[in-house]
Amino acid sequence: MTSVLDDWLQPRPGGGAGGVSDRLSRLRPLADERRAGEDDTGHPDADRPDADHSGADHPDAGLLSSGPQTRFRERMTYGLRTALNAQVPGDLVAVSRMDVLLGPDRRARPDVSLVDDLAASDDRRTCYLAEEVRLVIEVVGPDAAGSDRDMRPRHYAAAGIPHFWRVESTGFRPFVYSFELDADRTGYQMTGVHHGRLSVDSPFPIAIDLERLPR
């Protein structure tokens, strides 16, 4: 079967699956998507004398965080992925920190994505197409709050990803905003704010105790 990926993500000859990463490294976010402290290459420390300014050979170019992640974010990412995988139907898999291609010149790395099982079963993959993704989850952190609340959801909606969750906290106790694409498929409409327990009917019936997530 021929994939849409075949049209523009051909590995370099002899490069194996790593060639896809080589090609992906040329896809940088637009200037307004870069996180604080990053330059054009996406490297927060690119002004160091020994820094590599090429960007094209770094598989994470344009996606590096400007600071270390909090334990809260790591805990939410692991807990939600684990909870989702305990409930998903057989045609879906929850994965964490995997690239999603939102277009030929834009990609993102959600904290958690719910993807088609066929795509997730290929261990050579370094990314997923937007049409292979049913849900993306972002855990809001202090270094990217504006992006997580506004910019990334707009790009996810424009790419046609049906569902988006945004995880926030009060005193490091989580609550979740759930969204789904509106009728025009141009943006998201909120379907709920979930404190303590998250319960939604789509993309499939999900019930998660946010206070007792796997750690």
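Two strands are said to pair if DSSP finds at least two bridges between them. In this structure, an open sheet of three strands has the order β3-β2-β5, with mixed pairing, and an open sheet of six strands follows the order β1-β4-β6-β7-β8-β9, again with mixed pairing. The model is predicted, so local features need pLDDT of at least 70 and side-chain atom pairs count only at pLDDT 80 or more, while totals for chains, interfaces and linings use all residues. Residues are numbered from 1 along each chain as its sequence is written, and side-chain values use heavy atoms, with hydrogens and water left out.

**The three-stranded sheet**

- Strands (E, at least two residues) and helices (H or I, at least four residues) are DSSP runs, numbered from the N terminus.
- The edge strands of the sheet β3-β2-β5 are β3 (106-108) and β5 (127-129), each of which pairs on one side only.
- Neighbouring strands in this sheet are turned by 35° against each other on average, direction ignored; axes are lines fitted to C-alpha atoms, for helices over the stretch in contact, and angles run from 0 to 180 degrees between N-to-C directions.
- Strand β2 (residues 99-103) runs antiparallel to β3 and is joined to it by three bridges.
- Within this pair, Val100 stands opposite Ala108 in β3.

**The six-stranded sheet**

- β1 (92-96) and β9 (188-195) stand at the edges with a single partner strand each, so one side of each has no neighbour in the sheet.
- Here the average turn between neighbouring strands is 20°, direction ignored.
- β1 and β4 pair in the antiparallel sense over five bridges, and Val95 stands opposite Ser113 in β4.
- Strand β4 (residues 112-116) also pairs in the antiparallel sense with strand β6 (residues 133-139), over four bridges; Val112 stands opposite Ile137 in β6.
- Four of the five residues of β4 are buried, so this strand is largely enclosed by the rest of the structure; buried means under 20% relative accessible area, exposed over 50%, and partly exposed in between (1.4 Å probe, protein chains only).

**Residue Tyr128**

- Tyr128 has its place in strand β5 and counts as buried, at 4% relative accessibility.
- The C-alpha atoms of Tyr128 and Asp99 are separated by 6.4 Å, although the two residues are 29 residues apart along the chain.
- Leaving aside neighbours within four places in sequence, Tyr128 is in contact (heavy atoms within 4.5 Å) with residues including Val95, Asp99, Val100 and Val115.

**Helix α4**

- Helix α4 (residues 145-158) lies across β6, β7 (163-170), β8 (173-181) and β9, and runs at about 170° to β7.
- The 14 residues of α4 should span 20 Å at 1.5 Å a residue, which agrees with its end C-alpha atoms being 20 Å apart; the expected span is 1.5 Å times one less than the number of residues.
- α4 bends by about 35° at Met151, and a proline, Pro153, follows within four residues; the bend at a residue is the angle between axes fitted to the seven residues ending there and the seven starting there.
- Among the buried residues of α4 are Ala145, Met151, Pro153 and Tyr156.
- The buried residues of this helix pack against β2, β3, β6, β7, β8 and β9.
- Just after α4, Gly160 takes a positive phi of about 90°.
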